[in-house]
Amino acid sequence: MVSLQDEKVMANEGVYAPRSVIITKGKQGFGFNVRGQVDEGGQLKSINGKLYPPLQHISNVVERGPADDAGVLIGDRILEVNGHSVEGESHSRVIELIKQNPEKLRMILMSVPMKENDRLDGEAVSYCSEEDFDIKKVDITVPSVSHKEENGSKFVVYNVYLNGQFQCSHRYNAFHALQSDLKTKFYQFEFPRFPGKWPFQLSNSQLEKRHKELEQWLIQVCSVTQIFDHFYMQDFLGLTKVKKENNKNDVKKCPENTNLKVYLKDGTVKSVNVPTNCRTQTVIDTLCKDLNVPSEFSQHFGLYVVSQEGFEELISYDINPVEMYIQIYNAEDRQPLKFIFKKFLFSTTIENDMLEDTNTLRLIYDEAILSTDKLDIEGKEIELNRNQHVSTQREFVRIAQTCGGYNAVAFPHCECDSRNEGHVILTIASERISLRACSNKGELEQQNKHFQWSTVSEYGLNPDQLEEFSFTVKKNGNERKIVLTSPYSDYMNECFKKVSRENAEV
């Protein structure tokens, strides 16, 4: 049976006879890649009934490129380049001759039957002319790492995503082996820096550095079409035909666990290993356990993200933060989320009970230190400064509790239905709710309304209107509903629920 490739070959003048081609260089080069031996000379082999020394050959042709238009075929043996015989020549010599004329290339090629390719190639090394590498963007990322344990051995794997979907997980050694194989196959390509091996266990900062370097290496290497399409890369990514056939009935599963990087208020970073399908509360519980915070206090902590406005927004407890992180990470703007672990608490009575635990005290103290620039500390500056010491942490927190704005959440300005012009700033504290009038740009105005929690009859999100939160207050037998439109409506609702629960407890 004659293959389609052989039919195309036989359609040229003469069956497998040498032929001349002229290629005019296009915007992305001549549109083909060359493969063959490194050194010159070598054993003679029979090709189409005639003995030839080793020949360089065409390993890839860009579809609809200049070489394709000129009739160049994959597997063609190169006999001459720009009038020079290249029979038995080294790869570098052939590339040098190809580059002699930057605009036009004349070659004498000889096609061979497809079944002869493997016999002739043997263990030949694959190369590309530097100028003929095709560059295109590939949506590939390594947004997370996971810790695994097999047969008593613990190790880290890096989770690779392609087009926003989980593709595969590999250890560092697999990346290193891929790098070595590709460098052997594509010696003309100047590979980006690859993170070196380290004989000792990596610290968190070293692991993060290696993670980022591996991702950048993979992105840059995969942007080269010839490398991305090569068997080695396709096999690494699980995209080879054999693997697809073996797994065609299987659903590709994400790793069971992954590492999530969370920032504490003292500036340190905590890496927590959590299930990939976990909810926010699981991350909080894991952090409390790792930080030796009593489990009963976990309900008074939250996981936050920093918005574009610099506002720290609480993540809802029913959200999967791992999935949230990966979706944002794989978005076009590639701005990874920064998770922050801190209190979600309004009641100072509950907080005072938490201060009895040393580990919890430290977390609350670190947060109080950073919050002083947002508090009304007039007349208490000296006292606060005097107590900024490890031995007086509890006293510092107790003084901070007496400052205006402590344990309160002031939201960015937003629309309010009671104002025809301008916005309001909603502030939620354990004692009351405040609405401060401001301009559309957030410039403060004089009007300031306060509502006691005892006057709030109901609150909630509007299921039919995105980003709308409302609460109803009673005054002198009359009810008044206040509607706020804000991207932080979910957080507003969580704050109202939290204060309601705390007031019921105390």
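Student: I am looking for the largest pocket in this structure; how many residues line the largest pocket, and which lie nearest its centre?

Tutor: The largest pocket has a lining of 41 residues. Start with Lys374, Gly405, Ala408, Val409 and Ala410, which lie nearest the centre of the largest pocket. Keep in mind as you read that this is a predicted model.

Student: Which elements give two or more residues to that lining?

Tutor: Helix H13 (358-371) is one of them, and the others are the strands S16 (339-343), S17 (409-410), S19 (423-428), S20 (432-438) and S21 (444-452). H13 gives the largest share of the lining, with 5 residues.

Student: What volume does the largest pocket have, and how do its lining residues divide by class?

Tutor: Its volume is about 1100 Å³. To read the classes, sort the lining residues by the kind of side chain: here you get 20 nonpolar, 10 polar and 11 charged residues.

Student: S19, S20 and S21 came up together. How do I read strand pairing, say between S19 and S20?

Tutor: Look at the direction of the two strands and then at the bridges between them. S19 and S20 run antiparallel and are joined by 6 bridges. For one pair to find on screen, take histidine 423, which stands opposite cysteine 438 in S20. Between S19 and S20, a hairpin makes the link through 3 residues.

Student: And what is the sense of the pairing between S20 and S21?

Tutor: S20 pairs with S21 in the antiparallel sense, over 6 bridges. Cysteine 438 appears again here, with leucine 444 in S21 as its bridge partner. The hairpin of S20 and S21 has 5 residues between the strands, and in that hairpin glycine 442 takes a positive phi near 90°.

Student: How many residues of S20 are buried?

Tutor: To judge that, ask how much of each residue a probe can still reach; under 20% relative accessible area counts as buried. In S20, 5 of the 7 residues are buried, so the strand is mostly covered. For the protein, 46% of the 506 residues count as buried.

Student: Let us go to the second largest pocket. What is its volume, and which residues are closest to its centre?

Tutor: The second largest pocket has a volume of about 610 Å³. It is lined by 20 residues, and the closest to its centre are Lys154, Phe155, Val156, Gln201 and Leu202. Strands S9 (140-150) and S10 (153-162) and helices H5 (172-185) and H6 (204-222) are the elements that each give two or more residues to this lining. S10 supplies the largest share, 4 residues. By class, the lining splits into 8 nonpolar, 6 polar and 6 charged residues.

Student: How many cavities of 30 Å³ or more does the structure hold?

Tutor: A cavity, unlike an open pocket, is a space that the probe cannot leave. The structure holds 2 cavities of 30 Å³ or more. The largest cavity has a volume of about 60 Å³, and its lining includes Leu264, Phe301, Phe341, Leu363 and Glu367.

Student: Which elements each supply at least two residues of that cavity lining?

Tutor: S16 and H13 do. You have already met S16 and H13 in the lining of the largest pocket. The cavity lining has 5 nonpolar and 4 charged residues, with no polar ones.

Student: To finish, how many helices and strands are there in the protein?

Tutor: There are 16 helices and 24 strands.

Notes:
Residues numbered from 1 in each chain as written. Predicted model: local features only at pLDDT ≥ 70, side-chain atom pairs only at ≥ 80, totals over all residues. Heavy atoms only, no water. Buried < 20%, exposed > 50% of the residue type's maximum accessible area, 1.4 Å probe, protein only. 1 Å grid on protein atoms, 1.4 Å probe; cavity = no way out; pocket = protein on both sides within 12 Å on 5 of 7 lines; lining within 4 Å. Points joined across faces, edges and corners; volume = space filled by probe spheres on them. Nonpolar A, V, L, I, M, F, W, Y, C, P; charged D, E, K, R; others polar. Pairing = 2+ DSSP bridges.
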